[in-house]
Amino acid sequence: MEIPKLLNTEISDVAATSLLTLYCHALESQSKDTILDDPLAVEITDKLNPELSQSDNKFYQSLAKGKVEKKLVVHIAMRAKRYDDYVRNFLERSHHGIVVNIGCGLDPRFHRIDNGKVIFYDLDFPEVIAVKKKLLPETDRYRFIPSSVLNYEWMEAITQLNPDSLLFLAEGVLMYLQEEEVKSLVLKLQSTFPGCELIAEFFKAAWLKQPLQGIMNRKLQRDLHLGNDATFKFGIRDSKDLEGWNPGIEFLDDWFYLDEPENKLGLLRVLKDIPFFRKIQWTARYKLN
Ligand SMILES: C[S@@+](CC[C@H](N)C(=O)[O-])C[C@H]1O[C@@H](n2cnc3c(N)ncnc32)[C@H](O)[C@@H]1O
């Protein structure tokens, strides 16, 4: 199959998922009683639309037409808002806070949360950062790291700053990695940046087994038209699982989007009382001591 291009850059199936979240942010921003107000996401999608609509890639075409399932748009916008709030809260607690957004995609989060002081790193595959650079300028405080998160050399740039408070975000990313990769990454963050905070989204391990996995893959590939490599590979049973990976990994709290009193969730809110549905994909916060 032909590798899709974006602004003349070839991007992989996993990297292309960054378009889905960006379009969800833009679509929600333009809706009534918006959950997430992100004019920059709208501006970026306006720039990408002509290229996506002319592509013969079905996923690109449906994005350009704004055809994304409403409940997915709401979920992704709620998630982005929640992560923005996590960052704001971290910045209020720290005077010289540094944030690293792992698997940032095309999300312009820095511009939503900038407090005039934060140093904010956007990390993603070189191809995603190449596209992002054409859309958003780097500055002294908004920096790009074009690297796989698994190539640990990227950590050197952060170590050199000798940060006293550091927050790592991994929103919608870890599920695309293998379990050994996630474990190794978390342990490497812990040993390199003791005392840092990690906020990451997790997928329920039970959904990685058949028949649930089949349902999930059909959703990703047939309904959303994502490429074949954009599949979930990593999951956990419970937020506390990570504490068993190494002493010093401390679970702080977690967040389930169905628990939010958000009217746009509609009938989905009924599912919050059924643990099996409430906990398919959720976010947890850790201190890595
Ligand atoms: C679903 S998108 C989420 C983007 C963004 N965090 C958001 O929520 O809008 C997943 C992102 O993870 C990135 N990603 C996946 N594996 C990665 C890796 N090994 N290193 C760096 N980025 C990765 C992809 O390129 C993609 O941009």
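**Exercise 1. Work out which element gives the most residues to the shell around the ligand.**

Step 1: H1 takes that spot, with 6 residues in the shell. Helices here are DSSP runs of H or I with at least four residues, strands are runs of E with at least two, and both are numbered from the N terminus.

Step 2: Put some bounds on this. Helix H1 covers 13–29 and strand S4 covers 119–124, and each supplies at least two shell residues.

Step 3: Keep the ground rules in mind. This is a predicted model, where local features need pLDDT of at least 70, side-chain atom pairs count only at pLDDT 80 or more, and totals for chains, interfaces and linings use all residues. Residues are numbered from 1 along each chain as its sequence is written, and side-chain values use heavy atoms, with hydrogens and water left out.

**Exercise 2. Describe the shell by class and by domain.**

Step 1: Sort by class: 9 nonpolar, 9 polar and 4 charged residues. Ala, Val, Leu, Ile, Met, Phe, Trp, Tyr, Cys and Pro count as nonpolar, Asp, Glu, Lys and Arg as charged, and the others, Gly among them, as polar.

Step 2: Now the domains, whose bounds come from an automatic or database domain assignment. Domain 1 (5–71) and domain 2 (80–288) each put at least three residues into the shell.

Step 3: Look at how the two domains sit. Their C-alpha centres lie 20 Å apart, and 35 residues of domain 1 are in contact with 29 residues of domain 2 (contact means heavy atoms within 4.5 Å).

**Exercise 3. Find the polar contacts of the ligand with Thr 21, Asp 124 and Val 149.**

Step 1: Fix the cut-off: a polar contact is a pair of N or O atoms within 3.5 Å; within protein, one must be able to donate a hydrogen and the other to accept it, and residues adjacent in sequence count only if both atoms are side-chain atoms.

Step 2: Start with the side chains. An N or O atom of the Thr 21 side chain is 2.9 Å from a ligand oxygen, and for the Asp 124 side chain the distance to a ligand oxygen is 2.6 Å.

Step 3: Add the backbone. A ligand nitrogen sits 2.9 Å from a backbone N or O atom of Val 149.

**Exercise 4. Place Thr 21 within the protein.**

Step 1: Thr 21 belongs to helix H1.

Step 2: A polar atom of the Thr 21 side chain is 3.2 Å from the backbone oxygen of Ser 18.

Step 3: Setting aside neighbours within four places in sequence, Thr 21 is in contact with Ile 76 and Arg 79.
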